[in-house]
Amino acid sequence: MDCDGENAHAAAAAYLAWHADNGVDLGIGHAPCDWFAEPTPSREPRSSASTRSDRAAAPSAPGSPAVTAAAPSVPAPRSSAAKRTRATPDDALAEAQAIAAAAPDLATLEAGLAAFDGCALKATAKSLCFGRGAENPALMVIGEAPGREEDIAGAPFVGPAGKLLDKMLAAIGQDGATTYVTNLVYWRPPGNRSPTPEEAMVCRPFLDRQIELLRPHVVLILGRPAANTLLETTQSIMKMRGKWAELRAGGHTCDAVASLHPAYLLRTPLAKRSAWRDLQAVQARLTGVAGDTGDAGEGNKS
């Protein structure tokens with residue numbers, strides 16, 4: 001920026017406002033860094049033996065200070081981002097499947113996910129949001145992706161949408177003692193965008209293993225991206241919601257139903273009526289009552 005004084009302040013404010021408008025609302029470092037850049041190749045250091053012999057053979061000029069031998073430079077280890085750029089999607093998926101399959105419990109699965117570098121979202125997010133709630137739940141809720149509040153807290157559904165979800169679950173007698181909450185992907189996408197199919201694909205082995213370890217009776221899927229991925233369909237959420245399906249995750253099979261995401265309900269209060277019907281169907285299924293309404297509803301995508 002070629003300006004000073006008040007012009008400099010105005011230019012800086014406009015620059016920050018431009019980033020905020022594009023969804024950048026959290027800093028993760030003091031200096032800009034291209035996380036996806038290839039590492040700069042470093043030259044092979046000469047062997048210490050040849051360096052010493054060369055220096056011994058070269059006499060110092062009269063009156064010049066003594067030269068102290070410097071330690072050979074060691075190439076810096078490649079960053080996690082550099083490893084990600086080198087791994088193909090198939091390699092990342094295979095690694096995810098191996099880590100997930102080897103996890104005997106939730107704690108080990110979370111540790112393996114924290115060390116996993118195959119999802120590009122990890123480079124831009126602040127925190128891993130693995131899950132919260134009961135470890136032997138009757139109901140498992142799966143949303144789309146963490147948002148800003150979740151990224152800061154390191155837990156899913158803790159912002160305004162999460163508070164609404166807690167109220168919705170309480171209305172059907174469910175809480176943290178009976179319900180487990182997580183997302184389709186475990187890191188916040190930049191600008192709160194929807195996760196890409198590739199991001200969902202590479203996180204799927206961890207989610208499947210999470211479901212298999214928790215063994216819920218019913219899975220409530222919130223929002224179109226999560227429903228499209230888990231139910232393997234391209235339908236809109238309004239066509240999917242309220243319809244029961246069988247969800248298989250590893251060695252566990254359970255009933256699943258899609259509904260509207262609480263974030264959508266905050267923007268569209270009139271849609272709460274449809275979401276309430278879905279919750280009543282979940283309550284009926286959990287209590288063993290035939291409560292499948294089969295109501296597909298109408299409206300726009302969430």
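Start by selecting D208, which is buried in this predicted model, with a relative accessible area of 19%. Now add R204, also a buried residue, at a relative accessible area of 16%. These two side chains form a salt bridge, and the closest N and O atoms are 2.8 Å apart. Show the backbone of helix α9 (residues 197-214): R204 and D208 are about one helical turn from each other because they lie 4 residues apart in that helix.

Next, select R132 and D166. A salt bridge joins R132 to D166, with 3.2 Å between the closest N and O atoms. Zoom out to see where the partners come from: R132 sits in strand β1 (residues 132-133) and D166 in helix α8 (residues 160-170), so the pair links distant parts of the chain, 34 residues apart. Switch on the surface. R132 is partly exposed, with a relative accessible area of 24%, and D166 is partly exposed too, at 36%.

Then go to K122 and D117. Here the closest N and O atoms of the salt bridge are 2.9 Å apart. Which of the partners is buried, and which is partly exposed? D117 is buried, with a relative accessible area of 19%, whereas K122 is partly exposed at 22%. The two values fall on opposite sides of the cut-off, because buried means under 20% relative accessible area.

To continue the tour, look for the other pairs of this kind: a search of the whole structure finds 8 salt bridges, including R204 with D208, R132 with D166 and K122 with D117.

Terms used: Residues numbered from 1 in each chain as written. Predicted model: local features only at pLDDT ≥ 70, side-chain atom pairs only at ≥ 80, totals over all residues. Heavy atoms only, no water. Salt bridge = Lys/Arg side-chain N within 4 Å of Asp/Glu carboxyl O. Buried < 20%, exposed > 50% of the residue type's maximum accessible area, 1.4 Å probe, protein only. Helix = DSSP H or I, 4+ residues; strand = E, 2+ residues; numbered from the N terminus.
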